[in-house]
Amino acid sequence: GARIEFIPPIQVGPCRPVFRNGGRIRLDEGVQFAGESRPVRLSTGPQGLIAIGAGTRLGPGVALSALRRISIGPDCVLGEAAVVVDHVAAAAPAAPGRGSPVCIGARVHIGPRARILAGVTIGEGAVVGPGAIVARNLAAGASVDGDPAATALSPGSPSPAAAPAAA
């Protein structure tokens with residue numbers, strides 16, 4: 001059945017989180033709900049799981065929705081109004097349990113209003129810029145911006161035009 005598991009302490013801002021839980025939600029030690037102006041919303045379908053790692057901070061208006069699984073590693077930051085979904089919203093009522101899992105590694109920073117879509121894996125230490133829409137996997141330490149999200153080059157790396165053509 002539906003349940004919420006947590007390891008205290010959990011830090012909750014003045015605007016309490018909203019849980020629509022048909023599955024399971026697991027919150028590790030030190031998870032912070034920073035809903036100063038808008039509540040954080042966590043929603044699971046009957047077979048869904050949301051697991052949030054220790055020390056992760058969820059900003060005001062963050063929304064997580066899982067039909068299967070969303071796992072967020074420890075020490076992550078999700079900025080104001082960021083959204084993570086493991087399904088296509090139109091299919092959610094008609095297709096319970098048909099999501100595609102989302103996995104967010106440790107120490108990932110997701111900017112305000114960013115969108116993480118179904119089936120995406122984001123590697124440890126990656127940075128997702130404000131308003132970015134991430135529909136593909138993101139390597140550890142990478143940085144993306146825009147809609148759709150485009151990988152930013154790190155200093156000293158060759159430009160895409162200078163990269164050798166694939167054989």
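Hi everyone, this is a short walk through the nonpolar core, one buried loop residue and an aromatic pair in a predicted model.

Let's start with the core. The largest nonpolar core has 33 residues, and the ones with the most contacts inside it are L64, L78 and V128. Several strands feed into this core: β4 (24-27), β7 (49-52), β9 (63-66), β10 (69-72) and β13 (102-104) each supply at least two of its residues.

Take V128 as an example. Setting aside residues up to four places away in sequence, V128 touches H109, I110, G111, A114 and I116, and also I122, V134, L138 and V144.

Next, please look at A106, in the loop between β13 and β14 (109-110). Is A106 buried or exposed? A106 is buried, because its relative accessible area is 14%, and the cut-off for buried is under 20%. Its contacts, again leaving out residues up to four places away in sequence, are G73, P74, C76, E124 and G125. A106 and I72 are 34 residues apart in sequence, yet their C-alpha atoms are 7.3 Å apart in space.

Last stop, the aromatics. The structure holds one aromatic pair. That pair is F19 with F33, edge-to-face, at 6.2 Å centre to centre and 85 degrees between the planes. F19 lies in strand β3 (residues 18-21) and F33 in strand β5 (residues 32-33), so the pair ties together parts 14 residues apart in sequence. As for accessibility, F19 is partly exposed, with a relative accessible area of 31%, whereas F33 counts as buried at 3%.

Thanks, everyone!

Note on methods. Residues numbered from 1 in each chain as written. Predicted model: local features only at pLDDT ≥ 70, side-chain atom pairs only at ≥ 80, totals over all residues. Heavy atoms only, no water. Core = buried A, V, L, I, M, F, W, Y, C linked by side-chain atoms within 4.5 Å. Buried < 20%, exposed > 50% of the residue type's maximum accessible area, 1.4 Å probe, protein only. Helix = DSSP H or I, 4+ residues; strand = E, 2+ residues; numbered from the N terminus. Contact = heavy atoms within 4.5 Å. Phe/Tyr/Trp six-rings, centres within 6.5 Å; stacked < 30°, edge-to-face > 60°.
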